[in-house]
Amino acid sequence: MKNKVSKEFEKQFGTTGTLYTAPGRFNLIGEHTDYNGGFVFPGAIDKGIYAMIRPNGTDKVKVVSLDLNDSAEFGLNESDAPEQSWARYIFGVCRETLKRGGKVEGFDAVFAGNVPLGAGLSSSAALESCFANAINDLFNDNTIDKFELARIGQSTEHNYCGVNCGIMDQFASVFGRKDHLMRLDCRSMEFEYFPFKPEGHKLVLVDSRVKHELADSPYNKRRASCERVAKRLGIETLRDADMAMLDAVKTDITAEDYFRAKFVIEEKDRVLAVCDALNRGDYETVGRCMYETHDGLSKDYEVSCEELDFLNDVARECGVTGSRIMGGGFGGCTVNLVKDELYDNFIETVTRKFNERYGHKPEIYPVIVSDGARRLED
Ligand code: GLA
């Protein structure tokens, strides 16, 4: 990947630049809790974006996307937004850095990635974090702190890509650490690294290869539901709600909003339960919570789809310890915690049954917990 990117850079720009990378993420538990001020428990994965970048001494950015076989050129003023949606991620990162008083000058870049698109593994956060980190390194002497880099990515989604996402994906992509998960409190932004080596188990993603765009999707509507309920309860976010408070306003809110909020209230407690269980090596509890999350996401939050529910059913049949929808939903992957001795059978069965039912095989990605955004030394 690195070689491919630097070769193309040389071809396009006749010189070399600095290489950067940033990963996608997975999340063990804590879904749709980030924008509700709750907890999340993600880690960075071994798939990411690789970019070679070099300041070009102008006020223009020239970027080539190897995977899309496309290029874009844009200035750094608000009115210079590029047409292509992929280039808007990079433009947004430049603009959000400038808005925060950071420095950005023209640069040439070539990038490519191996995060599957639309699989819920945050390919867009990887792209944002890769460029935010590179701009910090190349133009700002690394003076922008890492939380701000994550926020630059998140604001890019909000202001240039139409997704009102939380902070989890960009946080994980920036702060990821090999073999560690991170429990982040999305209200205080305090976080803790947890060493992660699930003894006797494997963690694997099963990608349904069903893709749904998040912009204009029910994702923003879910967030709006949560905000409506919080407002009705007179609190800032659902982080401060419990079931008794929710039940007290049940008749004043729609049934739909009630079930959305119920899921979030239950999910934020599950993150803490899973962290404790992991510390004790109690994988049965971790797995049970994962199944509960799946059921909540499917029935109460309604972000599942037929294919994801099917994958979850097959996991149960195969005796998988825990399985659930991962990420925003509406397609993408399930994350599965599987005992070593059941692993081969699970992979074989889920691949075969899914193929029989939907006419294509799911992709299988073993989770390898990796480092976050960084410059690559040559
Ligand atoms: C998407 C968003 C995140 C988070 C998850 C659901 O990945 O980008 O901020 O809300 O969905 O947990």
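## Close-up views of the predicted model

**View 1. N136 and what it touches.** Not counting residues up to four places away in sequence, N136 touches D141, N142, T143, I144 and L149, where contact means heavy atoms within 4.5 Å. This is a predicted model, so local features need pLDDT of at least 70 and side-chain atom pairs count only at pLDDT 80 or more, while totals for chains, interfaces and linings use all residues. Residues are numbered from 1 along each chain as its sequence is written, and side-chain values use heavy atoms, with hydrogens and water left out. N136 belongs to helix α3; helices (H or I, at least four residues) and strands (E, at least two) are DSSP runs numbered from the N terminus. With 3% relative accessibility, N136 is buried, a label for anything under 20% relative accessible area, with exposed meaning over 50% and partly exposed in between (1.4 Å probe, protein chains only).

**View 2. C130, also in helix α3.** C130 has a relative accessible area of 1%, so it goes down as buried. Setting aside neighbours within four places in sequence, its contacts are Y20, T21, A22, I49 and A51. Take A51: it sits 79 residues from C130 along the chain, yet the two C-alpha atoms are 7.3 Å apart.

**View 3. The largest nonpolar core, with F26 picked out.** A nonpolar core here is a set of buried Ala, Val, Leu, Ile, Met, Phe, Trp, Tyr and Cys residues joined through side-chain atoms within 4.5 Å. This one has 76 residues, and the members touching the most others are F26, L28, F41, F107 and F131. Helix α3 chips in the most, with eight residues. Beyond its neighbours within four places in sequence, F26 is in contact with P42, G43, I45, L181, L203, L205, M326, V335, V367 and V369. A second core lies apart from this one; it has 42 residues, including I235, L297, A315 and F346.

**View 4. The ligand and its surroundings.** Around the ligand you'll find R25, E31, H32, D34, Y35, C165, G166, M168, D169, Y219, G327 and G328, each with a heavy atom within 4 Å of it. For polar contacts, look for pairs of N or O atoms within 3.5 Å; within protein, one must be able to donate a hydrogen and the other to accept it, and residues adjacent in sequence count only if both atoms are side-chain atoms. A ligand oxygen is 2.7 Å from a side-chain N or O atom of E31, and a ligand oxygen is likewise 2.7 Å from a side-chain N or O atom of Y219. At G328, a polar backbone atom is 3.4 Å from an oxygen of the ligand. On its own the ligand exposes 310 Å², and the protein buries 95% of that (Shrake-Rupley areas, 1.4 Å probe; for residues, only the protein chains shown count as cover).

**View 5. Positive phi at S122 and F330.** Most residues other than glycine have a negative phi. S122, in the loop between β6 (107–113) and α3 (123–139), has a positive phi of about 65°. F330, in the loop between β10 (322–325) and β11 (333–339), has a positive phi near 60°. Are they buried or exposed? S122 is buried at 9% relative accessibility, and F330 is buried with a relative accessible area of 9%.

**View 6. Helix α8 and the glycine after it.** Helix α8 covers residues 255–280, 26 residues in all, and reaches 38 Å from first C-alpha to last, close to the expected 38 Å (1.5 Å times one less than the number of residues). G281 follows, with a positive phi near 70°.
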